[in-house]
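Q: Hey, can you walk me through this one? I'd like to start with a single residue and work outwards.

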Amino acid sequence: MTNKEAKEILINAKGSIETIDALSLAVDALDKRIPKKPIKDRWYGKGYVKELCPVCNDIVRLRAGTPMNFCCNCGQALYWENNERNYR
């Protein structure tokens, strides 16, 4: 079962308010494990390129620096194109 499949099952689960709250937390945690593509911001400073976390907008890479697998601020898994440290 993939993280995406588990997330869908948890979203569709029913139960008491406490169960729903616990499932909501589980969905949020699983959602962070599903890699998302960083946002490119090309208008930073004097032509510098920075890439931002798609969840919290924290910088995850400047120029040609080493891309990170996870955002240091919120923990979101990141997906890089062209096999640049793709999260598996």
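Q: Leaving aside neighbours within four places in sequence, which residues is glutamate 51 in contact with?
A: Those are Pro38, Ile39, Lys40, Asp58, Ile59, Val60, Arg61 and Trp80. Keep in mind that this is a predicted model.

Q: Okay, and where does glutamate 51 lie?
A: You'll find glutamate 51 in strand S2, which covers residues 48–52.

Q: Is glutamate 51 buried or exposed?
A: Glutamate 51 counts as buried, because its relative accessibility is 5% and the cut-off for buried is under 20%.

Q: What's the C-alpha separation between glutamate 51 and lysine 40?
A: Their C-alpha atoms are 4.5 Å apart, while along the chain the two residues are separated by 11 positions.

Q: Let's move along the chain. Where is cysteine 53?
A: Cysteine 53 sits in the loop between S2 and strand S3, and S3 runs over 59–62.

Q: Buried or exposed, that one?
A: Cysteine 53 is buried, with a relative accessibility of 0%.

Q: So what does cysteine 53 touch?
A: Not counting residues up to four places away in sequence, cysteine 53 touches Ile39, Asp58, Val60, Cys71, Cys74 and Gln76. For isoleucine 39, the C-alpha separation from cysteine 53 is 6.4 Å, and the pair is 14 residues apart along the chain.

Q: I see cysteines in that list. How many disulfides are there in the whole structure?
A: The search finds 0 disulfides. Take cysteine 56: the nearest cysteine sulfur belongs to cysteine 71 and is 3.6 Å away, so there's no disulfide, since the two sulfur atoms would have to be within 2.5 Å.

Q: And what about cysteine 72?
A: Cysteine 72 is in no disulfide either, and its nearest cysteine sulfur, on cysteine 71, is 6.5 Å away.

Q: How accessible are cysteine 56 and cysteine 72?
A: Cysteine 56 is partly exposed, with a relative accessible area of 26%. Cysteine 72 counts as exposed, at 67% relative accessibility.

Q: Switching to helices. What should the span of H2 be, and what is it in the model?
A: H2 has 17 residues, so at 1.5 Å a residue it should span 24 Å. Its end C-alpha atoms are 25 Å apart, which agrees.

Q: Which residues of H2 are buried?
A: Leu23, Val27 and Leu30 are the buried ones. They cover an arc of only 70 degrees around the axis, so they lie on the same side of H2.

Q: What do those buried residues pack against?
A: The buried residues of H2 pack against H1.

Q: And which exposed residues are on the face turned away from the buried side of H2?
A: That face carries the exposed residues Ile17, Glu18 and Leu25.

Q: What's in the loop between H1 and H2?
A: Alanine 13 is in that loop, with H1 covering 3–12 and H2 covering 17–33. Alanine 13 counts as partly exposed, at 29% relative accessibility. Leaving aside neighbours within four places in sequence, alanine 13 is in contact with Ile20 and Leu23.

Q: Zooming out, what pattern does the chain follow along the sequence?
A: The pattern reads α-α-β-β-β, which gives 2 helices and 3 strands.

Q: Last one: how much of the protein chain counts as buried?
A: Of its 88 residues, 24% count as buried. The accessible surface of the chain comes to about 6300 Å², and 53% of that belongs to carbon and sulfur atoms.

Technical notes
Residues numbered from 1 in each chain as written. Predicted model: local features only at pLDDT ≥ 70, side-chain atom pairs only at ≥ 80, totals over all residues. Heavy atoms only, no water. Helix = DSSP H or I, 4+ residues; strand = E, 2+ residues; numbered from the N terminus. Buried < 20%, exposed > 50% of the residue type's maximum accessible area, 1.4 Å probe, protein only. Areas by Shrake-Rupley, 256 points an atom, 1.4 Å probe, with all protein chains shown as cover. Contact = heavy atoms within 4.5 Å. Expected span 1.5 Å × (residues − 1). Arc of directions from axis to C-beta.
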